[in-house]
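The exercises below ask you to work through a structure step by step, with a solution after each task. Please have the sequence and the 3D view open as you read.

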Amino acid sequence: MLEIMPRSAGRLVGVHATGRLARPDYDALLPKLEALFAEHGTLDMVFYMDDKFEGWDLAAAWDDAALGLHHRSDFGRLAVVGGPEWVNWCIRLSGFLMKGEIRIFPGDQLEEAWTWAAWSHGN
């Protein structure tokens, strides 16, 4: 499941991921994110994977990659929190495609991730 976190405001958006992500998760989330990109242009994002996060099925992985590539210049800061080590390696490898800054935080540093992501635009 993917959901926008209640703490999100303006250009600062938190997304909580749990369980195994599938295409319907992205079908529900993408219109909301697209509206935020249209409204603000650039987003600072916290992507939080909790302890129950299991990864993506193939369709969801494709949707996630497509979102990242389409908006690769539209992220100011992306804080990736928690998740398995293989996800962090994938983020590091694909980070060169994005214009904004990416930082990976351990799962117990969600508050620090919010602070870091909010810093760039004074959110």
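## Exercise 1: a salt bridge with a buried partner

Asp-63 has a relative accessibility of 11% and therefore counts as buried, where buried means under 20% relative accessible area, exposed means over 50%, and partly exposed lies in between, with a 1.4 Å probe and protein chains only. This is a predicted model, in which local features need pLDDT of at least 70 and side-chain atom pairs count only at pLDDT 80 or more, while totals for chains, interfaces and linings use all residues. Residues are numbered from 1 along each chain as its sequence is written, and side-chain values use heavy atoms, with hydrogens and water left out.

Task: find which residue forms a salt bridge with Asp-63, and decide whether Arg-23 is buried, partly exposed or exposed.

Solution. Begin with the rule, by which a salt bridge is a side-chain nitrogen of Lys or Arg within 4 Å of a carboxyl oxygen of Asp or Glu. The partner of Asp-63 is Arg-23, and the closest N and O atoms of this pair are 2.9 Å apart. Next, place both residues: Arg-23 belongs to helix α1 (residues 23-40) and Asp-63 to helix α2 (residues 58-70), so that the pair links distant parts of the chain, 40 residues apart. Helices (H or I, at least four residues) and strands (E, at least two) are DSSP runs, numbered from the N terminus. Finally, Arg-23 has a relative accessibility of 35% and so counts as partly exposed.

## Exercise 2: a salt bridge between strands

Task: state how far apart the closest N and O atoms of Glu-101 and Arg-77 are, and say where the two residues lie.

Solution. Glu-101 and Arg-77 form a salt bridge in which the closest N and O atoms are 3.2 Å apart. Because Glu-101 sits in strand β7 (residues 101-105) and Arg-77 in strand β6 (residues 75-82), the pair ties together parts that are 24 residues apart in sequence. As for accessibility, Arg-77 is buried at 6%, whereas Glu-101 is partly exposed at 41%.

## Exercise 3: the surroundings of β2

Task: work out how many residues of β2 are buried, and which way β2 and strand β4 run.

Solution. Six of the six residues of β2 are buried, so β2 is largely enclosed by the rest of the structure. Leu-12, Gly-14 and His-16 point one way from β2, while Val-13, Val-15 and Ala-17 point the other way. Then consider the pairing, for which DSSP must find at least two bridges between two strands: β2 and strand β4 (residues 43-49) run parallel and are joined by six bridges.
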